[in-house]
Amino acid sequence: MTYGFEDQLALRGTHASKYDSLMKVFGVDDPDAIPMWVADMDFPAAPAIRTALSKEVERGYFGYFGGPDAANDAVAGWYRRRHGWTFDASWVRYTHGVISGFGDALAACTAPGDAIVLFSPVYHAFYRQADAMGRKVLESPLRIENGRFELDLDGLSVALTENVRLVVLCSPHNPGGRVWSAEEIRQVADFCLERGLFLISDEIHMDLLFPGETFVPTAVAAPQIAERLVVLSAASKGFNLAGAETGFLVTPDRALRKKLDAVILDRESTPNRFGMAALTAAFTECDDWSDAVRAYLAENFRVFSDRMNALAGISVMDMTSTYLAWVDFAPLGMSDPEILRRIVEAGVVPSPGTQFGTGGAGHMRFNFALPRPTLETAIGRLEDAFRDIQ
Ligand SMILES: Cc1ncc(COP(=O)(O)O)c(C=O)c1O
């Protein structure tokens with residue numbers, strides 16, 4: 001079955017943030033610009049998800065949502081069936097997105113003035129949320145070895161300050177799509193256990209592994225951390241549902257779950273009805289779509305990296321998951337604003353690497369979840385942007 005990945009949707013003027021915020025965020029008013037920044041896909045959602053949402057609309061009742069049992073079963077069933085983690089469906093809690101859940105986990109596990117560890121460069125909203133909640137960030141810079149990110153736990157051990165309470169593992173990692181091995185996850189978990197730290201495992205990209213690759217949930221790799229673990233995830237990345245603003249937390253430990261419940265209750269919010277319908281359909285009826293989109297993305301990565309790596313002074317980090325390529329322009333010796341200016345003037349808009357913390361300078365992140373013809377056009381523009389120095 002084909003799912004329309006090859007056809008470019010007309011998204012300008014539809015409240016698609018990646019198109020309709022270009023002016024506000026980048027000052028770009030070029031109606032032909034190709035946005036490769038915001039992390040969602042230019043693809044229509046799976047047919048079963050659209051049917052589930054249509055049913056909600058047809059019913060016409062849009063009151064507060066209650067009764068999450070079917071969604072809980074869907075989340076637990078998906079994790080078990082697709083990722084090999086079996087847990088009690090009653091451990092699941094919903095949030096208005098993963099970053100909202102991250103805030104809940106910070107509130108439950110830390111206090112203002114405490115510090116958290118981020119492996120940088122990493123998804124920028126972690127920094128903003130921590131800052132907004134008065135938590136400090138200790139960066140543990142990832143090392144690049146053999147062309148991919150590696151954790152530096154020895155370095156972190158030396159740099160660790162007294163007020164650090166929690167470590168955030170982005171698994172798979174954004175940017176750069178690094179899939180951590182079970183052994184690496186175990187090492188992070190043991191690091192946390194030995195020092196009495198909490199571990200947040202953000203698994204939002206778990207359903208974007210390229211065919212043949214395996215995602216290992218933190219709870220499977222390191223069951224020993226269960227008492228100090230909060231897992232954050234969603235159907236939003238894997239199934240392109242970010243606008244439905246629905247994420248979830250899975251917390252194996254009863255006492256920690258109670259603390260989180262107090263935080264969530266304090267917020268006085270119920271789940272988004274449409275997000276819950278979409279999540280339930282995604283995790284019960286869309287295995288084929290998930291397989292198809294992962295194959296399409298893997299081929300997009302091959303096309304993007306082959307042509308970009310052919311340009312002198314530019315290299316794409318090799319990756320096995322996500323649609324967020326991490327591209328190194330540092331050998332060109334240009335400033336970050338100059339790199340961005342060239343790319344934007346050529347008609348492509350990436351995420352500046354400097355947003356992602358230490359290790360981000362000299363880099364840009366490109367979202368290649370585009371129909372392949374659009375991607376080819378974007379690559380042609382990027383080639384033009386640096387043609388004078390080839
Ligand atoms: C690692 C990671 N966590 C969280 C989010 C945001 O999730 P949400 O929109 O559900 O808050 C993203 C979005 O790109 C992400 O990459």
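**Exercise 1. The domains**

Into which domains is the protein chain divided? Work out the ranges, then describe how the two parts meet.

*Solution.* Bear in mind that this is a predicted model.

- Step 1: start with the ranges. Domain 1 takes in 17-46 + 288-389, and domain 2 covers 50-285.
- Step 2: get the spacing. Between the C-alpha centres of domain 1 and domain 2 there are 25 Å.
- Step 3: list who touches whom. Domain 1 puts 33 residues in contact with 34 residues of domain 2.
- Step 4: put an area on it. The size of an interface is often given as the accessible area lost when the parts come together. Here domain 1 and domain 2 bury about 2900 Å² between them, and carbon and sulfur atoms account for 59% of that.

**Exercise 2. Helix α3 against helix α11**

Find the angle at which the axes of α3 and α11 cross, then sort the contact residues by class.

*Solution.* Two packed helices are described by the angle between their axes and the distance between the axes.

- Step 1: take the geometry. Helix α3 spans residues 47-59 and helix α11 spans residues 273-285; their axes cross at roughly 145° and come within 8 Å.
- Step 2: check the hand. The crossing of α3 past α11 is right-handed.
- Step 3: name the players. α3 brings Ala-48, Ile-49, Ala-52, Leu-53, Glu-56, Val-57 and Arg-59, while α11 brings Arg-273, Phe-274, Ala-277, Ala-278, Ala-281, Ala-282 and Glu-285.
- Step 4: sort them. The contact of α3 with α11 has 10 nonpolar and 4 charged residues, with no polar ones.

**Exercise 3. Helix α12 against helix α14**

Is α12 roughly parallel or roughly antiparallel to α14? Give the residues that meet, too.

*Solution.*

- Step 1: read off the numbers. Helix α12 (residues 287-309) packs on helix α14 (residues 372-385) at about 15°, and the axes are 10 Å apart.
- Step 2: apply the cut-off. Angles under 35 degrees count as roughly parallel, so α12 is roughly parallel to α14.
- Step 3: add the hand. α12 crosses α14 in a right-handed way.
- Step 4: find the residues. From α12 come Tyr-296, Glu-299, Asn-300, Val-303, Phe-304, Arg-307 and Met-308, and they meet Arg-372, Leu-375, Glu-376, Ile-379, Gly-380, Leu-382 and Glu-383 of α14.
- Step 5: split by class. The contact of α12 with α14 contains 7 nonpolar, 2 polar and 5 charged residues.

**Exercise 4. Helix α5 against helix α6**

Run the routine again for α5 and α6, from the angle to the residues that meet.

*Solution.*

- Step 1: α5 (residues 98-109) and α6 (residues 125-132) have axes 10 Å apart, at an angle of about 45°.
- Step 2: that angle makes α5 oblique to α6.
- Step 3: the crossing of α5 and α6 is right-handed.
- Step 4: Ile-99, Phe-102, Gly-103 and Leu-106 of α5 meet Ala-125, Phe-126, Gln-129 and Ala-130 of α6.
- Step 5: for α5 with α6, the classes come out as 6 nonpolar, 2 polar and no charged.

**Exercise 5. Backbone oddities**

Track down the cis peptide bonds at Pro-121 and Pro-172, and the positive phi at His-15.

*Solution.* Most residues other than glycine have a negative phi, and most peptide bonds are trans.

- Step 1: Ser-120 to Pro-121 is a cis peptide bond with omega near 0°. Pro-121 sits in the loop between β3 (115-120) and α6.
- Step 2: Ser-171 and Pro-172 are joined by a cis peptide bond, with omega about -5°. Look for Pro-172 in the loop between β7 (164-170) and α8 (182-195).
- Step 3: His-15 has a positive phi, near 65°, and belongs to the segment before α1 (17-20).

Methods
Residues numbered from 1 in each chain as written. Predicted model: local features only at pLDDT ≥ 70, side-chain atom pairs only at ≥ 80, totals over all residues. Heavy atoms only, no water. Axes fitted to C-alpha atoms, helices over the stretch in contact; angles between N-to-C directions. Helix = DSSP H or I, 4+ residues; strand = E, 2+ residues; numbered from the N terminus. Parallel < 35°, antiparallel > 145°, perpendicular 65-115°, else oblique. Left-handed = near helix turned anticlockwise from the far one by under 90°. Contact = heavy atoms within 4.5 Å. Nonpolar A, V, L, I, M, F, W, Y, C, P; charged D, E, K, R; others polar. Domains from an automatic or database assignment. Buried area = accessible area lost by both parts, 1.4 Å probe.
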